[in-house]
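Work through the exercises below with the coordinates open. Try each task before reading its solution.

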Amino acid sequence: MFIFDAHLDMAWNATEWVRDLMLPAAKIREFEQHYDKIIPGPCTVSWPELHGGRVGLIIATLLPRHHRKDKPLTFPQSREACYAMAHGQLAYYQAMTARGVLREIPDKAALNQHVDEWLALPAGDLPMGQPPIGFILSMEGSTPILYPEQIADWYQAGLRLLGPAHYGPGPYCFGTGSEGGFNEDGKRMLREMDRVGMLLDVTHLADESFWDAMKIYQGPCIASHHNCRSLVPADRQLTDEQIKELIRRGSVIGAAFDNWMIRPGWKIGVSDPSTVQMTHIVDHIDHICQLAGNANHCGMGTDLDGGFGKEQSPSDLDTIADLGKMAELLAARGYSTDDVERIMWRNFVEFFRRAWK
Ligand SMILES: [Zn+2]
């Protein structure tokens, strides 16, 4: 089955964690065994794993993390350095595109052509690059956006989606683990996004920032990698009120595959990974479908290898090539073939078809 994954930090893995993503995950794990401490854990995503699992379309991020005082010094301390790093990550995607592994999907025509090509493929193994994996360019956190009007330059560079927040306070608003709304520059940036057609990703917005964005930003939005707070209480998850607002706006919410966002009380580095399986992700998807009264607002947004590895992912997933098992689990939960297809790829594809009309 063709699959859409709405959140993968591929360039970050290639540049910051220095991975050769042309290797199968097993080879990357083998290589990293020779080092004392590898952060994040065992690799689950690479280009061959995606291609082999028929994850033919992804939202790929630029993720230059900004240094925070309470963390070890591992990230750039100036926004200009984040700006430079984001361009470095963009250059990685461009180089992989030139190599024929990736294909940039910047508009509706490219999207339709790409999806048609993948849907027409025969069953069985596919040679890498035939066809390329499509990517829609996104940014997680807004530290590389040096001033609100720079949104237009980033759009020109190919950026189509922006998640203004990541962890903690950011230059324009507040993210996971912090509290507050958009500042004046942030409000200007949201209006600039509307003007330019830069789509909004609400994932990681602190509650007050979320509701500010819903008031100020008028365009289409998604929650790329986001589960339900009523199942896992913590500010990283969406409240039912937030989910209802996203449903009202025709949004799609991607299910996140990070264990602490899947089961309540699961602690990073402490809890047993075997206590989380992909069926627990179906619980979150089902909760959103019950609130919506349909299966039109859910998708995959795994965030696999987003700062963690196999040790923090559902235990019945070895690599992202196993993502197709979600289709079987959804069917076993009573979802129709049509609904399963919607959740595995169609809802996100249709979202972009509407957004890019
Ligand atoms: Zn994230």
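**Exercise 1.** Compare the reach of helix H5 with its expected span, then find which face of the helix is buried.

*Solution.*
- Start with the length. In this predicted model, H5 covers residues 108–119, twelve in total. From first C-alpha to last, H5 reaches 16 Å, close to the 16 Å expected at 1.5 Å a residue.
- Next, list the buried residues. Buried means under 20% relative accessible area. In H5 these are Ala-110, Leu-111, His-114, Val-115 and Trp-118.
- Look down the axis. The buried residues of H5 fall within an arc of 120 degrees, so they line one face of the helix.
- Check the opposite side. Exposed Ala-109 and Gln-113 sit on the face of H5 turned away from the buried side.
- Finally, identify the cover. The buried residues of H5 are covered by elements including helix H3 (47–52), strands S2 (55–62), S3 (102–104) and S4 (133–140), and H12.

**Exercise 2.** Helix H12 is part of the cover of H5. Determine its span, its kink and its buried residues.

*Solution.*
- Span: H12 runs over residues 337–355, which is 19 residues. Its end-to-end C-alpha reach is 25 Å, close to the 27 Å expected at 1.5 Å a residue.
- Kink: H12 bends by about 65 degrees, centred on Ile-343.
- Burial: Ile-343 is itself among the buried residues of H12. Others include Val-340, Arg-342, Trp-345, Arg-346, Phe-348, Phe-351 and Phe-352.

**Exercise 3.** Is Ser-313 buried or exposed, and which residues does it touch?

*Solution.*
- Locate Ser-313 in the loop between strand S9 (298–300) and helix H11 (325–332).
- Take its relative accessibility, 1%. Ser-313 therefore counts as buried.
- Leave out residues up to four places away in sequence. Ser-313 then touches Phe-257, Asn-259, Leu-304 and Phe-308.

**Exercise 4.** Test the protein chain against the radius of gyration of a compact globule, then describe its burial and contacts.

*Solution.*
- Count the elements: the protein chain has twelve helices and nine strands.
- Apply the globule rule. For 357 residues, a compact globule would have a radius of gyration near 21 Å. The protein chain has 19 Å, which agrees.
- Add the box: along the principal axes, the C-alpha atoms fill roughly 50 × 50 × 45 Å.
- Get the buried share. It is 55% of the 357 residues.
- Turn to the surface. The protein chain exposes about 14,100 Å², with 52% supplied by carbon and sulfur atoms.
- Sort the contacts. Take those between residues at least 6 apart in sequence; 72% join residues at least 24 apart.

Notes:
Residues numbered from 1 in each chain as written. Predicted model: local features only at pLDDT ≥ 70, side-chain atom pairs only at ≥ 80, totals over all residues. Heavy atoms only, no water. Helix = DSSP H or I, 4+ residues; strand = E, 2+ residues; numbered from the N terminus. Expected span 1.5 Å × (residues − 1). Bend = angle between axes of the 7 residues up to and from the residue. Buried < 20%, exposed > 50% of the residue type's maximum accessible area, 1.4 Å probe, protein only. Rg over C-alpha atoms; globule rule 2.2 N^0.38 Å. Contact = heavy atoms within 4.5 Å. Areas by Shrake-Rupley, 256 points an atom, 1.4 Å probe, with all protein chains shown as cover. Arc of directions from axis to C-beta.
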